[in-house]
Amino acid sequence: MKPYFAHFAILIFLLFSCDDSNGDNTMTDDAQDDGNGDISLSFISAFSNLSFQRPVDFQIANDGSGRVFVVEQAGTIKVFQNDPMVTEAGTFLDISNEINTDANEQGLLGLAFHPDFASNGYFYVNYTPSETLSVTSRFQVSFADQNSADPNSELVLLETQQPFTNHNGGQLAFGPDGYLYIASGDGGSGGDPQNNAQTRSNLLGAILRIDVDNTSGGLDYAIPTDNPFVGENGIRGEIFAYGLRNPWRMSFDSQTGSLWTGDVGQGDREEINLIESGGNYGWKLFEGTFCFSGDCDDTGLIPPVFEYGHDAGDRSVTGGFVYRGNAIPSLQGKYVYADFISGRIWSLSLDGNDNELLFNTGLNIASFGVDAQNELYFCAFDGAIYTFQED
């Protein structure tokens with residue numbers, strides 16, 4: 001496979017730009033600490049014979065099949081064997097007729113397989129059927145063909161009204177507790193004009209947590225009894241954490257169970273957050289550690305583990321994974337993430353004190369994913385899926 005060493009930058013406004021419609025694009029002049037840059041790595045095309053249209057998620061089913069699933073924003077999920085020489089990807093699910101992609105940040109945005117997928121065939125998606133709605137649904141694999149989903153098996157679990165067309169979040173992930181976590185943006189526009197992220201009577205600007213194996217209260221899911229706001233008047237019990245602007249890509253550390261997310265900033269700061277039960281991450285009171293509105297009182301707010309500014313052309317964080325594979329020893333136990341606009345990739349120590357630039361790829365990096373061996377991949381809007389190798 002051919003290594004790619006990128007030494008160029010591109011100017012582009014695409015999926016997750018944080019320069020919103022209100023024109024509030026003030027930048028900060030403090031630089032991001034990129035460390036010494038002495039990790040010897042390259043990134044390579046993982047499946048050089050395949051190409052995808054705006055890939056936004058990379059998942060595996062954890063069923064021992066060795067398959068990879070890539071989500072395309074327009075509404076399809078591709079499936080193929082995790083083999084660098086693979087020449088063809090099949091269509092696992094096509095709901096493109098149900099997807100609204102008129103706005104740049106809408107579409108099929110997330111995929112997660114049930115922990116017992118091998119026995120029950122359930123998987124979950126998040127998508128936007130219209131400009132004003134986000135949906136989390138369950139589908140089931142076809143009994144006749146394990147490489148194809150049954151398009152008629154959809155069970156809509158959760159619908160979230162969207163006042164604007166951007167900041168949809170959409171990442172889905174099962175935690176080590178077996179519950180489904182859902183990343184939800186603040187509803188869009190610029191500056192959270194409806195203060196959704198601090199308003200817990202709705203499901204916006206939050207990480208949600210639901211039990212998909214049970215039902216209660218007339219819902220097609222149950223709310224875990226240990227969710228932090230269960231029983232509190234006027235607060236949605238599904239909320240696990242809140243005060244987020246646009247949590248774009250979250251993941252659980254496979255070793256510690258910690259939940260990491262990138263949160264796309266407004267005009268100044270991009271955030272990396274460790275999500276805690278009941279945590280308030282500050283938006284729109286604060287953007288990172290910068291006061292954005294209100295009285296600037298940060299009492300009770302959880303600051304980011306790490307934040308960076310926009311001075312170097314970075315504009316929109318893409319959350320990644322804590323690396324727990326074996327092929328790249330130099331990344332072991334580090335959080336690897338990127339910026340969608342600049343294409344830069346970094347590794348961050350888990351205490352947030354050491355951030356090192358790995359690559360300036362020049363690619364629009366929409367998502368990261370891991371395979372069955374916990375090796376790391378990323379999806380780029382040039383149509384390729386990349387992985388890493390140590391030189």
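**Disulfide and four-stranded sheet**

At a relative accessibility of 39%, C296 counts as partly exposed. The model in which this value was computed is predicted. C291 is likewise classed as partly exposed, because its relative accessibility is 36% and the partly exposed class lies between 20% and 50%. These two cysteines are joined by a disulfide, with an S to S distance of 1.9 Å. The pair qualifies as a disulfide because the criterion requires sulfur atoms within 2.5 Å. Under this criterion, the count comes to one disulfide. The torsion about the S-S bond is -80°, and the link of C291 and C296 is left-handed. A further cysteine, C379, has a relative accessibility of 0% and therefore counts as buried, the threshold for that class being under 20%.

The model also contains an open sheet of four strands, arranged in the order β15-β16-β17-β20. The pairing within this sheet is antiparallel. Its edge strands are β15, spanning residues 247-252, and β20, spanning residues 306-308. Each of these edge strands pairs on one side only. From one strand to the next, the twist averages 15°. In general, the strands of a sheet pair through backbone hydrogen bonds, in either a parallel or an antiparallel manner.

At the β15 edge, the neighbouring strand is β16, which comprises residues 259-263. Four bridges join β15 and β16, and the two strands run antiparallel. Within this pairing, F252 has L259 of β16 as its bridge partner.

Notes. Residues are numbered from 1 along each chain as its sequence is written. This is a predicted model: local features need pLDDT of at least 70, side-chain atom pairs count only at pLDDT 80 or more; totals for chains, interfaces and linings use all residues. Side-chain values use heavy atoms; hydrogens and water are left out. Buried means under 20% relative accessible area, exposed over 50%, partly exposed in between (1.4 Å probe, protein chains only). Two strands pair if DSSP finds at least two bridges between them. Axes are lines fitted to C-alpha atoms, for helices over the stretch in contact, and angles run from 0 to 180 degrees between N-to-C directions.
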